[in-house]
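Open the structure in your viewer and keep the selection tool ready. This tour goes stop by stop: select, look, move on.

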Amino acid sequence: KYLSDVREALMGFAIVNCRLPCPAKSALATGDAGAGIADPANGNCSDAALEGVLPWVTLGVPETDAWGRRLKYRVTEKFAKSATCTPGATAFTLNDNGAISVLSTSGGNAVASQLPAIIISHSKNGFSAYLPNGEQVAASSDADEQENNNGNDTFVSKTATPSFDDLVEWISPNILKSRMITAGRLP
């Protein structure tokens with residue numbers, strides 16, 4: 001339920017701001033200046049700033065998942081550009097596609113592609129997750145969990161195994177665009 005609520009919060013943010021938020025800085029402790037705030041707040045995140053933790057303060061959602069860990073969040077640059085938010089003026093158009101892909105295993109078949117954003121709970125084992133104190137849990141030895149933490153646009157979503165338990169949600173480009181059309185943000 002929490003990941004579904006996060007996905008809805010991201011959709012709502014996009015409707016109000018005509019773009020998706022940038023991630024928050026991962027290593028800031030709860031209570032530090034800027035913790036949980038999209039960085040930069042006005043959009044235009046790029047390169048290394050495309051991945052971090054979910055900007056929970058910006059979105060108004062809880063900081064952590066059921067295991068007390070922050071969610072990983074990655075956004076496609078085009079979908080997080082600052083935009084003058086007027087009818088028909090958004091950071092992206094109907095023809096734009098995201099850069100994020102989800103595979104069945106590391107190097108496996110595509111599950112989803114051209115995604116604007118992805119959200120990951122590192123779940124029970126917590127490998128590579130960030131904690132509220134800003135520290136990062138050690139990395140997993142599982143190749144599929146490593147794929148979810150190597151800083152690129154390719155991720156894995158599959159049924160849990162003894163060594164893989166990441167929960168992966170994404171923003172569908174088609175649903176996002178449909179919501180933006182319904183809200184009068186896209187033509």
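## Stop 1: a buried histidine

Select His 122. This residue is buried, with a relative accessible area of 2%. The cut-off for buried is under 20%, so His 122 qualifies. Keep in mind that you are looking at a predicted model.

Where does His 122 sit? Its place is the loop between S5 and helix H3, residues 143-147. Now show its contacts, skipping neighbours within four places in sequence. His 122 then touches Asp 65, Arg 70, Lys 72, Phe 127, Ser 128, Ala 129, Asn 149, Asp 165 and Asp 166. Add Val 137 to the selection. It comes 15 residues from His 122 in sequence, and the two C-alpha atoms are 9.9 Å apart.

## Stop 2: two serines in the loop between S5 and H3

Select Ser 123. This serine also lies in the loop between S5 and H3. It is buried, at a relative accessible area of 6%. Check its backbone: phi is near 60°, a positive value in a residue other than glycine.

Now select Ser 128, in the loop between S5 and H3. Buried or exposed? Ser 128 is buried, with a relative accessible area of 7%. Its phi is positive too, at about 75°, although Ser 128 is not a glycine. Why point these out? Most residues other than glycine have a negative phi.

## Stop 3: the four-stranded sheet

Colour the strands S1, S2, S5 and S7. They form an open sheet in the order S1-S2-S5-S7, and the pairing is antiparallel. Why does the sheet have edges? Strand S1 (51-53) and strand S7 (167-171) each have a single partner strand, so one side of each has no neighbour in the sheet. From one strand to the next, the twist averages 20°.

Zoom in on S2, residues 72-75, and S5, residues 117-121. How many bridges join S2 to S5? There are four, and the two strands run antiparallel. Pick Lys 72 and look across to S5: Ile 120 stands opposite.

## Stop 4: the helix across the sheet

Select helix H1, residues 2-17. This helix lies across S2, S5 and S7, and runs at about 20° to S7. H1 has 16 residues. From first C-alpha to last it reaches 22 Å, close to the 22 Å expected at 1.5 Å a residue.

Which residues of H1 are buried? They are Leu 3, Val 6, Ala 9, Leu 10, Met 11, Phe 13 and Ala 14. Show what they pack against: helix H2 (56-59), S2, S5, S7 and helix H4 (173-182). Then step just past H1 to Cys 18, where phi is positive, at about 60°.

## Stop 5: the loop between H1 and S1

Select Ser 26, in the loop between H1 and S1. It is buried, with a relative accessible area of 15%. Leave out residues up to four places away in sequence, and Ser 26 touches Gly 52, Val 53, Arg 70, Tyr 130 and Gly 134.

Move on to Asp 39, in the loop between H1 and S1. Asp 39 is partly exposed, with a relative accessible area of 30%. With residues up to four places away left out again, Asp 39 touches Cys 22, Pro 23, Lys 25, Cys 45 and Ala 49. Glu 135 is 96 residues away along the chain, and its C-alpha is separated from that of Asp 39 by 18 Å.

Now add Pro 40, which lies in the loop between H1 and S1. Look at the peptide bond from Asp 39 to Pro 40: it is cis, with omega near 0°. For background, most peptide bonds are trans.

## Stop 6: S3 and its partners

Select strand S3 (residues 100-103) and strand S4 (residues 110-115). Three bridges join them, and they run antiparallel. Find two pairs across these strands. Val 102 has Ala 112 in S4 as its bridge partner, and Leu 103 stands opposite Ala 110 in S4. The hairpin of S3 and S4 has six residues between the strands, and there Gly 107 takes a positive phi near 80°.

Next, add strand S6, residues 154-156. Parallel or antiparallel to S3? S3 and S6 run parallel, joined by three bridges. Ser 101 stands opposite Thr 154 in S6.

## Stop 7: a charge over a ring

Finish with Lys 158 and Phe 164. The charged end of Lys 158 sits over the ring of Phe 164, 5.2 Å from its centre.

Methods. Residues are numbered from 1 along each chain as its sequence is written. This is a predicted model: local features need pLDDT of at least 70, side-chain atom pairs count only at pLDDT 80 or more; totals for chains, interfaces and linings use all residues. Side-chain values use heavy atoms; hydrogens and water are left out. Two strands pair if DSSP finds at least two bridges between them. Axes are lines fitted to C-alpha atoms, for helices over the stretch in contact, and angles run from 0 to 180 degrees between N-to-C directions. Contact means heavy atoms within 4.5 Å. The expected span of a helix is 1.5 Å times one less than its number of residues. Buried means under 20% relative accessible area, exposed over 50%, partly exposed in between (1.4 Å probe, protein chains only). A charge sits over a ring if NZ of Lys or CZ of Arg is within 6 Å of the ring centre and within 35 degrees of the ring normal.
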